[in-house]
Amino acid sequence: MTPVSAPRSKARTGSRTNRRDTRYTGVPPWVFALAAAGALFVLLPLAAMVVRVNWGEFIPLITSESSLTALGLSLRTSAASTVLCIVLGVPLALVLARASFPGQRLLRAFVLLPLVLPPVVGGIALLYTFGRQGLLGRSIELAGIQIAFSTSAVVLAQTFVALPFLVVSLEGALRTAGTKYEAVAATLGARPTTVLRRVSIPLVLPGLASGAVLSFARCLGEFGATLTFAGSLQGVTRTLPLEIYLQRETDADAAVALSLVLVAVAVAVVGLSYRRPRALPSQAGTE
Amino acid sequence: MSTIRVPVGALLAAGVLAAGLAGCAASSTAAGTTRSGSSTAAGTGTVTVFAAASLKSTFTKIASGFEAANPGTKVTLNFAGSSDLVTQVTQGAPADVIASADTTNMAKLSDAKLIDGTPSKFATNTLEIAVPPGNPASISSFADLAKPGVKVVVCAPQVPCGSATETVEQAAGTTLKPVSEESSVTDVLGKVSSGEADAGLVYVTDVKTAGDKVKGIPFSESDQAVNTYPIATVGSSKSKELAKAFIAMVTGSEGRKVLSDAGFGTP
């Protein structure tokens, strides 16, 4: 793969430095003013929350047994859901980006639906699919698998809402990468699976990575579908967002402290995803 | 937060329709108001009522009766969980009347001196077992909920219906092992009506509202945890006369009729 991706990454860095020197950057001042308002709109509520944190109690609040259990469960289920998103999402993105068949646009619309659907609607849909009285629920229960009120229900809910993030990122990356190198590999006698493994996937690895990170972040924040479909029990289905929602009823300090933890994890995760696309092409080149 | 604005025109039409259907249960609100004419003379304007989610259907009925009895007035209703309502009022939301589903949440407002006087208790509610139609796990008593393999869903102890559940458990000497502790009674009801759970503990009024989607099983220990609903005028209200008139209607005979029809008890 070195001969394939090395020239590409060189070309990219070259064009970027070039662009930085000569590009026209005359942004009108009023755009800056509006941009500042936009940034404030996002940052101010976060700051307001930080101000409300009871710092004296912060550590005891976030290290309470129920908080740690919820955080642990959130991280474990989100990791499992992200793996499931990759397993199901990579083939979907490949089919949507490379193949052409009737109903493709419709398929894309439906795959992306969870992006715009209120999560609670997703939860209801999952309930009527995998629930005990659901479409598949009865046969699954006959097979001895209980999904209702189990951690697997949380993973299903998270995968449902996070899958489009991976598919969108990866499909975009695949389209940007184009089919040139794949065609060359094919003319050199590589079979489709070899082309996929040696050319396509390595080329879009940054897109795959950022898609996976975004999916993970979406899983961490999942609330509505989980509440509707999986229920809420400490250590089994009560993830961090559900714990925050419950704590809010009685202990506002605990809810704010846990919210801050979730914000910190989300910032770390999203920060990671926006560094990756720039860092990876050179890595891929040196491999 | 869900604010329900009830258009006056539609309500008038509903009132006329209700009055026309003599003998129908719904007519009692509108007709009763006209007959007594007691709580009126409060003037015109808007009264904003914050009420617990479990009061949705009853307060909507009472509000239309109030508007019919006081031409020129408008009732704006906002329904949410009691703790949400308390938070909203504490943060300065423009409410004239607040009705909570438990005394604990109302006490937070009393302690902060955000309401006028002592709240009036206007309704009570008790727990009932709700099972899906057909009662698949054959539940007939509170003790049955602890049978192995029965999937029971309850409210989390942090919310009023959950603390009532804990009290009942102690009174009955039965410890439940719920498969889920939901943060609202509606979520418990949803898990039962969809057949996900074999049984859930909800309020009597919830079972009544759910109609034939669930079956209610009363149990004797439920009287150990009676939830009392208080109502009060918000201190910062700018239309206190209307607020008092509305509270008078809720606590008066008309309000009581609507509430008891929905399954609420008398405090």
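**The open sheet of chain B and its surroundings**

In this predicted model, chain B contains an open sheet of five strands, arranged in the order 8-7-9-6-10 with mixed pairing. Strand 8 and strand 10 (215–217) of chain B occupy the edges; each has a single partner strand, so one side of each is left without a neighbour in the sheet. On average, neighbouring strands of this sheet are turned by 35° against each other, direction ignored.

At one of these edges, strand 10 of chain B pairs with strand 6 (residues 127–131) of chain B in the antiparallel sense, over three bridges. Val131(B) is found opposite Lys215(B), a residue of strand 10 of chain B.

Two helices lie across strands of the sheet. Helix 6 (residues 160–172) of chain B crosses strand 6, strand 7 (152–155), strand 8 and strand 9 (199–203) of chain B, and runs at about 120° to strand 7 of chain B. Helix 7 of chain B likewise lies across strands 6, 7, 8 and 9 of chain B, running at about 145° to strand 9 of chain B.

Chain B is divided into domain 1 (2–124 + 228–261) and domain 2 (127–224). Their contact draws seven residues from domain 1 of chain B and eight residues from domain 2 of chain B. On the domain 1 side, these comprise two nonpolar, four polar and one charged residue.

Between the chains, the contact takes 15 residues from chain A and 16 residues from chain B. On the chain B side, strand 8 (180–182) and helix 7 (185–193) are the elements giving two or more residues, and strand 8 of chain B gives the most, with three residues. By class, this side of chain B has four nonpolar, six polar and six charged residues.

Notes. Residues are numbered from 1 along each chain as its sequence is written. Chains are lettered from A and ligands numbered from 1 in the order in which they are written. This is a predicted model: local features need pLDDT of at least 70, side-chain atom pairs count only at pLDDT 80 or more; totals for chains, interfaces and linings use all residues. Helices (H or I, at least four residues) and strands (E, at least two) are DSSP runs, numbered from the N terminus. Ala, Val, Leu, Ile, Met, Phe, Trp, Tyr, Cys and Pro count as nonpolar, Asp, Glu, Lys and Arg as charged, and the others, Gly among them, as polar. Domain bounds come from an automatic or database domain assignment. Two strands pair if DSSP finds at least two bridges between them. Axes are lines fitted to C-alpha atoms, for helices over the stretch in contact, and angles run from 0 to 180 degrees between N-to-C directions.
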